[in-house]
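Student: I would like to go through this structure with you, one question at a time. Where should we begin?

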Amino acid sequence: MITKAPFSYSFLAPKYWLTWLSVFILYLLSWLPYNLQILLGKLLGRLVYRFVKKRRKIAEVNIALAFPELDKAAQAKLVKENLENTGIAIFESGMAWWWPQWRAKKHFGGITGYHHIENAINSGKGVLMLVPHMMHLEVAGRMMGIQNTGVGFYRPHNNPLMEYIIVNGRLRFSEALVTKRDVKSLLKALSKQKLCYYLPDQDYGRKRSEFVPFFAVEETCTTTGTLIFASSKNSETVALSTYRKGGKYFLDVSPVFEGFPTGNDINDVTRVNKAMEDAIRKAPEQYLWLHRRFKTQKDPNATSYYK
């Protein structure tokens, strides 16, 4: 379990100078007026839309698969808005890592359903909070930290300097962080009545997965790893939805998943996907559609959607 990322003098080496410059620029930009940062983020996202065609293609495929009820024009509009939110997310990371508390509170739209977390903790239980990969996830975590710091479950960055920056930035609004391979530490945190984040909505491959509905894709590869943590003794499972509207960030905690998990993995992960889908539908343009969510198909010989 990580509670601090130590500084290394190796970070001063020339190979990290470009990273330092990028981080310093983002830090300076984080002090600009909020609306200006959002505008700059949209402009950056439009550049991504125009020039990073590989990622745009992934978003186009995902949105076409997930929302077949939308016509081509509506799908294209959603893709463009999604890429704009990709640019905004970069600025939102700076907001999350470096904003003073008074400024973060100014943009906190509030949290509904927080009593579900309080009730579980007050009854001596940990809380497993299922969260989708929204673009504004960093700043949403900062907003939740205003109410209650938790334990984050995350994938370490490949760049050691960025890992140092990200971990210390997240620890401003988290009690501790746990890497995705450190399953025991997250289970231990749940047993100690901690609020723990888990993101179950990406394609982690067919190992320890089931193929269940997610949006309009009937057989979506979905991890059963969620059930390992949800099975922890003395813990409850809830879902968290987050969205940005009018310059504020809103959080909504769902009621506790009663009798979860049931022991039927297919039914259980179907329920998880439904909770994630409900959360994403509140602001679909703000979701991470750039991830190849439908990469692993039930038929290993099937043609990839992303070809």
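**A strand pair and its surroundings**

Tutor: V151 has A176 in β4 as its bridge partner. Keep in mind that this is a predicted model.

Student: In which sense do β3 and strand β4 pair?

Tutor: Strand β4 covers residues 174–179. It is joined to β3 over five bridges. The sense of the pairing is parallel.

Student: Is strand β3 enclosed by the rest of the structure or open?

Tutor: Strand β3 spans residues 150–154, and five of its five residues are buried. Buried means under 20% relative accessible area. Because of that count, strand β3 is largely enclosed by the rest of the structure.

Student: Which helix joins β3 and β4 in a β-α-β unit, and what is the hand of the unit?

Tutor: The helix is α8, residues 160–170. Together with β3 and β4, α8 makes a unit that is right-handed.

Student: Which residues form the nonpolar patch on the surface, and what is their accessible area together?

Tutor: The patch consists of L44, L47, F51, V52 and I90. Helix α2, residues 34–51, gives the largest share, three residues. The accessible area of the patch together is about 440 Å².

Student: Is L47 buried, partly exposed or exposed?

Tutor: L47 sits in helix α2. Partly exposed is the class between under 20% and over 50% relative accessible area. With a relative accessible area of 47%, L47 is therefore partly exposed.

Student: Which residues does UniProt mark as "transmembrane region", and what is the helix content of that span?

Tutor: The unreviewed UniProt entry places this feature at residues 20–45. In the model, the end C-alpha atoms of that span lie 22 Å apart. Strand makes up 0% of the span, and helix 85%.

Student: Is Y34 buried or exposed, and how far in space is Y34 from H107?

Tutor: Y34 is found in helix α2. Its relative accessibility is 8%, so Y34 counts as buried. In sequence Y34 and H107 are 73 residues apart, while their C-alpha atoms are separated in space by 9.3 Å.

Student: How many salt bridges does a search of the whole structure find, and how far apart in the helix are E60 and R56?

Tutor: The search finds eleven salt bridges. In one of them, E60 and R56 have their closest N and O atoms 3.5 Å apart. E60 is partly exposed, at 31% relative accessible area. The two residues are four apart in helix α3 (residues 53–66), so their separation is about one helical turn.

Student: What is the distance between the closest N and O atoms of E236 and K125, and how many residues lie between these positions in sequence terms?

Tutor: E236 and K125 form a salt bridge, with closest N and O atoms 2.8 Å apart. E236 is in strand β8 (residues 235–245), and K125 is in the loop between α6 and β2. The pair links distant parts of the chain, with a separation of 111 residues.

Student: Which class of exposure does each of E236 and K125 have?

Tutor: E236 has a relative accessible area of 19%, so E236 is buried. K125 has 26%, so K125 is partly exposed.

Student: What parts does the salt bridge of K298 and E219 tie together?

Tutor: The closest N and O atoms of K298 and E219 are 3.7 Å apart. K298 lies in the segment after α11 and E219 in strand β7 (residues 217–223), so the pair ties together parts that are 79 residues apart in sequence. K298, at 48% relative accessibility, counts as partly exposed. E219, at 44%, is also partly exposed.

Student: Which residues does a cis peptide bond join, and what is omega there?

Tutor: The bond joins F260 and P261. P261 lies in the loop between β9 and α11. Omega is about -5 degrees.

Student: What is phi of Q193, and what is phi of N234?

Tutor: Neither residue is a glycine. Q193 lies in the loop between α9 and β5, and N234 is found in the loop between α10 and β8. Q193 is partly exposed at 35% relative accessibility, whereas N234 is exposed at 52%. Phi is positive in both, about 65 degrees for Q193 and near 60 degrees for N234.

Note on methods:
Residues numbered from 1 in each chain as written. Predicted model: local features only at pLDDT ≥ 70, side-chain atom pairs only at ≥ 80, totals over all residues. Heavy atoms only, no water. Patch = residues over 30% accessible without salt bridge, like charges linked within 9 Å, V, L, I, M, F, W, Y side chains within 5 Å. Areas by Shrake-Rupley, 256 points an atom, 1.4 Å probe, with all protein chains shown as cover. Salt bridge = Lys/Arg side-chain N within 4 Å of Asp/Glu carboxyl O. Buried < 20%, exposed > 50% of the residue type's maximum accessible area, 1.4 Å probe, protein only. UniProt positions renumbered as here; feature names shortened; annotations may be inferred. Pairing = 2+ DSSP bridges. Right-handed = clockwise from strand over helix to strand, strands pointing away.
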